[in-house]
Amino acid sequence: MSNSNLEFLKKEDWWAVYIGIGLVLVALILYKMGLSINFIAVSPPKWESFSEVIDYFAGNGLKYVYLYLLFLVLFSISIKFMGFEITEFVKGFSILYLITIVVMVLGSSKVSEKYNLEPPLLALLLGLIVSNFFKLPKWLDTSFRTEFYIKTGIVLLGATLPFTLILKAGPIALFQATVISVLTWLTIFYTATRLFGLEKTFGATLGAGGSICGVSASIAVGGAVNAKKEHVSLSIALVTFFAVIMIFVLPFASKALGLPAGQAGAWIGSSEFADAAGLAAASTIGDEMAIKAFTLVKVIGRDIWIGIWCLILSLVAATKWEKRSHEASVSLKEIWVRFPKFVVGFFLATIIISLVDANLSAQTSKEILTPLVIKPIKTLRTWVFTFCFLSIGFTTRVRELLTFSWRPLGAFLIGVIVNVILGYTFSVKIFGDYWNKL
């Protein structure tokens, strides 16, 4: 079997598409049969006393078993094809699922609601505490598939965003994200190379991590420009370190400034470095509009450019920096190779749901399609995102991140400051009215 065929079976991007679109199609098939996936798309209700929780699970516990089996089968099949140890994943995911239930129960309490402790934030905090104070077994890492969970969740997210909204907001999101990404990359690159004297390939890799899509961009661009492995690793460490910090800083700043949810989400989408971290930050705003705005800016505005960035920078590296054009593979095919395939799934999901919705009356859409299809998909999305946020926490060791030298740290920090200021300016001052009325 050719490498191109193997990509469809071994890449987590494609499996995120298969699982996400598969769940959407199953939901629609059941809907056409007069049924719903509500029986399995469950989540704990709001509660005040723990006796309410006990009573709830006494009547609904079996549904959580069915949901566990669904996720276990889907993720295990994909993990097997991707070449990971299936036994380790099953054990680790079982633990992850149980912890997710605990997190979602705690996040549904009135106390958590009072202090804005949303499940994503609780998941992240719990993971960080456990990973930094206790030594976890190495085999658990197989189940902490942060990128896989977030990509699957983003595909499901597409089914909850009307395609008309994407068409309406796309140009604004694309323009805002592109301008900010280019200016942030230039800031990091020239600061790294001119001010701190770092290699150009290193500066390009740092800039990509801080301006496009975090870890994925650091790896992709680092490979495209032939950056040293240690430079790619250092870029990943810096991206992760600042991404975790921004999970707390950006929502806190947004609330302190009294920003509407749409503006806050757009700011986070413009200023966070990784999809998973950004979604965690947007989720803590506590409003679906923040998640929508974040997705439009981050996924549509920034992530889709990664292939083109790799192509352009590989050309520059090969013809200008290295003067050895034969060592770099530069072709239009690189755009597709580097393109984040889960974005295809995101658009496909929103198109499928929008086509179904277009044939329904407004009342039928609101009273039948939304509760029977869209709402349960949102619930499944929440589960997958919580797996992701826990995985971020469980795999983030602060001590390991604090090993970078001051020169790349300085260049990246300056880029972070510029990025955050630009994100605020565009999201609040320039397009504030637009994001507020999204």
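Me: I'd like to start at the surface. Which residues make the nonpolar surface patch of about 470 Å²?

Reply: Happy to begin there. F39, L62, V65, Y66 and L69 make that patch. Do keep in mind that this is a predicted model. To read a patch, take one member and ask where it sits and how much of it is open. L69 lies in helix α3, residues 50-81. L69 has a relative accessible area of 41%, so it is partly exposed.

Me: And the helix itself, how does its geometry help me read such a list?

Reply: An α-helix has 3.6 residues a turn, so residues three or four places apart point the same way. In this patch, L62, V65, Y66 and L69 can be looked at with that in mind.

Me: Let's step back to the overall fold. How many helices and strands does the chain have?

Reply: There are 20 helices and 0 strands. The C-alpha trace spans about 65 × 55 × 50 Å along its principal axes. For a chain of 438 residues, a compact globule would have a radius of gyration near 22 Å, and the chain has 21 Å, which agrees. Contacts add to this picture: among those with a separation of 6 or more, 81% are between residues 24 or more positions apart.

Me: What share of the 438 residues is buried?

Reply: Buried residues make up 55% of them. As for the outside, the chain exposes about 19000 Å², with carbon and sulfur atoms supplying 66% of it.

Me: Which residues have the most contacts inside the largest nonpolar core?

Reply: F71, F75, F93 and Y97 do, in a core of 126 residues. Helix α17, residues 362-395, gives the largest share of this core, 14 residues. Another core lies apart from it, with 18 residues, among them A217, A220, A227 and C310. To see packing around one side chain, try F93: leaving out residues up to four places away in sequence, F93 touches Y68, F71, L72, F75, S143, Y149 and F387.

Me: How many residues of helix α11 are buried?

Reply: 11 of the 11 residues of α11, residues 261-271, are buried, so this helix is largely enclosed by the rest of the structure. W267 and I268 are among the buried residues, and so are G262, G265 and G269.

Me: Can you give me a single buried residue to follow? Where is V299?

Reply: V299 is in helix α13, residues 288-300. With 1% relative accessibility, V299 counts as buried. Not counting residues up to four places away in sequence, V299 touches I154, F294, I304 and V343. Its C-alpha atom is separated by 9.7 Å from that of F342, 43 residues apart along the chain.

Me: Now for charges. Which residues are linked in a network of salt bridges?

Reply: Side chains of opposite charge can pair when their charged atoms come close. Here, E12, D13 and K151 form the network. The closest N and O atoms are 3.0 Å apart for K151 and E12. K151 lies in helix α7 and E12 in helix α2, so the pair ties together parts that are 139 residues apart in sequence. For K151 and D13 the closest N and O atoms are 2.5 Å apart, and this pair links positions 138 residues apart. K151 counts as buried at 8% relative accessibility, and E12 counts as buried at 19%. D13 is buried too.

Me: How far apart are the closest N and O atoms of E199 and K228?

Reply: They are 3.0 Å apart, in one of the 5 salt bridges of the structure. E199 lies in the loop between α8 and α9 and K228 in the loop between α9 and α10, so the pair ties together parts that are 29 residues apart in sequence. E199 counts as partly exposed at 36% relative accessibility, and K228 counts as partly exposed at 38%.

Terms used
Residues are numbered from 1 along each chain as its sequence is written. This is a predicted model: local features need pLDDT of at least 70, side-chain atom pairs count only at pLDDT 80 or more; totals for chains, interfaces and linings use all residues. Side-chain values use heavy atoms; hydrogens and water are left out. A nonpolar core is a set of buried Ala, Val, Leu, Ile, Met, Phe, Trp, Tyr and Cys residues joined through side-chain atoms within 4.5 Å. Buried means under 20% relative accessible area, exposed over 50%, partly exposed in between (1.4 Å probe, protein chains only). Helices (H or I, at least four residues) and strands (E, at least two) are DSSP runs, numbered from the N terminus. Contact means heavy atoms within 4.5 Å. Patches are made of residues with over 30% relative accessible area and no salt bridge: like charges are joined within 9 Å, nonpolar side chains (Val, Leu, Ile, Met, Phe, Trp, Tyr) within 5 Å. Accessible areas come from the Shrake-Rupley method with a 1.4 Å probe; for residues, only the protein chains shown count as cover. A salt bridge is a side-chain nitrogen of Lys or Arg within 4 Å of a carboxyl oxygen of Asp or Glu. The radius of gyration is taken over C-alpha atoms; the globule rule is 2.2 Å times the number of residues to the power 0.38.
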